[in-house]
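This report describes a sheet, the loops beside it and a pocket. The sequence and structure come before the details.

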Amino acid sequence: AGVAHGLRRSLGDGHPPGEGPSSLALARGGLQRRACTIFGAMEVHPLNNNEEMAECCRGLGIQVMAYSPLGAPHKMEAFMKILTRSDAQDMRPLLKVPDSSVLNDVGQRHGVSAAQVALRWNLQRGHCVVPKSFDPAHILENTELFHFSLSQREMSILAGLHKGVRAERFLGQSHVQGKKALPKMTRDAQDACEAILSKIRGPGSGGEGGAEEQMQQELAELYRQQEVLKGKGKGAGAPMLQGGGGKLGPPPMVQSGKG
């Protein structure tokens, strides 16, 4: 009973540092302390390489545990369902690891799937991976990672796929009430997805969203014109016309006096 209670406390909340499940081992005489391995769990896959955090962990001797190493395609698909079928078809190669054309090209080179390439990429970075699947065929495939290796050039190319695609953000957005929006990604990925949506939906097809975008464009044009006028007036002291009457003076809105 005491051992069971201790394990529950260790696995539960409030256990002291170094007394978690990774630091305990069952021995013949009961529980025995052993060396503790510290893990840093984070979402890592070619579309979200998390390089800065992974490098920090390596420098501190923390083992990176890559969860969602395949980008949690089921979570991405949940977000895709709120878009039209055409949107999803064009955006899947940008947002889903198994659909990436680059990963599939590398997989064909080695005779493996895109998923196996993504898992091998994580392993060669020194990460331990925790892929999730309920399909026996996929579970078996996820273990067959040691009969091929990626070259340094391939590793570099795959690292360049980073788009800041975090599955949890997309899953959260799929549950948002009302108008949905693309979660935050890198600027290039954001622009590419927006371009796909604009091309398929057409101008103004987003209802209120289209009107808001039009207003933003009008404001941007207004600000641009103001900057041009401001630039022309620099250093020249160029006077401004007052109210269209042909007289020189300040703009009507900044005139002094009662009114």
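Asn 49 has a relative accessibility of 10% and therefore counts as buried, since that value is under 20%. The model is a predicted one. In the chain, Asn 49 belongs to the loop that runs between β3 (39-43) and α2 (51-59). Beyond its neighbours within four places in sequence, Asn 49 is in contact with five residues: Val 44, Trp 121, Arg 125, Ala 159 and His 162.

**Loop residues**

Asn 50 is placed in the loop between β3 and α2. Asn 50 is not a glycine, yet its phi is positive, at about 50°. With a relative accessibility of 24%, Asn 50 counts as partly exposed, because the value falls between the 20% and 50% limits.

A positive phi of about 50° is also found at Ser 68, again not a glycine. Ser 68 sits in the loop between β4 and α3. At 15% relative accessibility, Ser 68 counts as buried.

| Residue | Loop | Relative accessibility | Class |
|---|---|---|---|
| Asn 49 | β3 to α2 | 10% | buried |
| Asn 50 | β3 to α2 | 24% | partly exposed |
| Ser 68 | β4 to α3 | 15% | buried |

**The sheet**

Which strands form the open sheet, and in what order? Three strands make it up, in the order β3-β4-β5, with parallel pairing. The edges are taken by β3 and β5 (128-130); each has a single partner strand, so one side of each has no neighbour in the sheet. On average, and with direction ignored, neighbouring strands of this sheet are turned by 30° against each other.

The parallel strands β3 and β4 (residues 63-67) are joined by five bridges. Glu 43 has Tyr 67 in β4 as its bridge partner.

**The second largest pocket**

The second largest pocket holds about 380 Å³ of space. Its lining consists of 19 residues, and those closest to the centre are Leu 70, Pro 73, His 74, Lys 132 and Ser 133. Two helices, α3 (73-80) and α7 (136-143), each contribute at least two residues to the lining of this pocket. How many residues of each class does the lining of the second largest pocket have? Nine are nonpolar, six are polar and four are charged.

Notes. Residues are numbered from 1 along each chain as its sequence is written. This is a predicted model: local features need pLDDT of at least 70, side-chain atom pairs count only at pLDDT 80 or more; totals for chains, interfaces and linings use all residues. Side-chain values use heavy atoms; hydrogens and water are left out. On a 1 Å grid over the protein atoms alone, a cavity is a set of points where a 1.4 Å probe fits but cannot get out, and a pocket is an open set with protein on both sides within 12 Å along at least five of seven lines; lining residues have an atom within 4 Å of a point. Grid points are joined across faces, edges and corners, and a volume is the space filled by probe spheres set on the points. Helices (H or I, at least four residues) and strands (E, at least two) are DSSP runs, numbered from the N terminus. Ala, Val, Leu, Ile, Met, Phe, Trp, Tyr, Cys and Pro count as nonpolar, Asp, Glu, Lys and Arg as charged, and the others, Gly among them, as polar. Buried means under 20% relative accessible area, exposed over 50%, partly exposed in between (1.4 Å probe, protein chains only). Contact means heavy atoms within 4.5 Å. Two strands pair if DSSP finds at least two bridges between them. Axes are lines fitted to C-alpha atoms, for helices over the stretch in contact, and angles run from 0 to 180 degrees between N-to-C directions.
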